[in-house]
Amino acid sequence: MEDPSDIRNWQRRPDGITTSGRLEPGDPARLAAIGIRHVVNLALADHPEALPDEAAALAEQGIGYTHIPVAFDAPSHAQVAELASVLANAEGPVHVHCIMNYRVSAFFYLLDIEAGVPEPEARARMAAIWNPLSSDDPRVAPWRALLARSVP
């Protein structure tokens, strides 16, 4: 089965991890059909576009679930480290999502840099979805601050 590329901002990373924005009610079955065994959600559970009772919907499909709620105005390096730990210990193919794939792409930028991916390549991967480093929108200031330590 092909990747469900119609899921908001869907991506398959070079390491095989898939990422996206929000999941909709039919998406857990679609993720199971492509072999996803664990989902990490970085969005807040009370976001208006969040999938209600996501953990139960994924469990029905035999998919493990980890929730790392990241407030858009307060991302932290501790949350990035928590994601890295989950990725290191999760069984099977992993899918990581939030609402727009913004949180996810920024966190993977940091993980890519830490893993030795050249900064231009890591930035291009992130910028395929979102690039807070090139935005002067005041709402992205916490993200620029989070990413600043990794920019050469």
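Reader: Is Phe72 buried, partly exposed or exposed?
Author: In this predicted model, the relative accessible area of Phe72 is 27%. Buried means under 20% and exposed means over 50%. A value of 27% therefore makes Phe72 partly exposed.

Reader: Phe72 and Trp130 form an aromatic pair; is the pair stacked, edge-to-face or tilted?
Author: The structure holds 5 aromatic pairs. In the pair of Phe72 and Trp130, the ring centres lie 5.8 Å apart and the planes meet at 45°. Planes under 30 degrees apart count as stacked and those over 60 as edge-to-face, so the pair of Phe72 and Trp130 is tilted.

Reader: How many residues apart are Phe72 and Trp130?
Author: Phe72 sits in the loop between strand 4 and helix 3 (77–89). Trp130 sits in the loop between helix 5 (119–127) and helix 6 (141–148). The pair links distant parts of the chain, its members being 58 residues apart.

Reader: Is Trp130 buried or exposed?
Author: The relative accessibility of Trp130 is 11%. Buried means under 20%, so Trp130 counts as buried.

Reader: What angle do the ring planes of Phe107 and Trp143 make?
Author: Phe107 belongs to helix 4 (residues 102–114) and Trp143 to helix 6, 36 residues apart. Phe107 is buried at 0% relative accessible area, and Trp143 is buried at 0% too. Their ring centres are 5.9 Å apart, and the pair is tilted, with the planes at 45°.

Reader: Which residues do ring pairs link into a cluster?
Author: Phe72 and Trp130 form one aromatic pair. The rings of Phe107 and Trp143 also pair. Ring pairs link these residues and Tyr102 into a cluster: Phe72, Tyr102, Phe107, Trp130 and Trp143.

Reader: Which residue of strand 4 stands opposite Val40?
Author: Strand 3 (residues 38–41) and strand 4 (residues 64–67) run parallel, joined by 4 bridges. Together with helix 2 (residues 54–59), these strands make a right-handed β-α-β unit. Opposite Val40, in strand 4, stands Thr66.

Reader: What pattern does the chain follow along the sequence?
Author: The chain has 6 helices and 5 strands. Read along the sequence, their order is β-β-α-β-α-β-α-β-α-α-α.

Reader: What is the radius of gyration of the chain?
Author: The globule rule gives 15 Å for 152 residues. The chain is close to that value, so it is as compact as a globular protein of that length, with a radius of gyration of 15 Å.

Reader: What share of the residues in the chain is buried?
Author: The chain exposes about 7300 Å², with carbon and sulfur atoms supplying 52% of it. Of the 152 residues, the buried share is 43%.

Note on methods
Residues numbered from 1 in each chain as written. Predicted model: local features only at pLDDT ≥ 70, side-chain atom pairs only at ≥ 80, totals over all residues. Heavy atoms only, no water. Pairing = 2+ DSSP bridges. Helix = DSSP H or I, 4+ residues; strand = E, 2+ residues; numbered from the N terminus. Right-handed = clockwise from strand over helix to strand, strands pointing away. Rg over C-alpha atoms; globule rule 2.2 N^0.38 Å. Buried < 20%, exposed > 50% of the residue type's maximum accessible area, 1.4 Å probe, protein only. Areas by Shrake-Rupley, 256 points an atom, 1.4 Å probe, with all protein chains shown as cover. Phe/Tyr/Trp six-rings, centres within 6.5 Å; stacked < 30°, edge-to-face > 60°.
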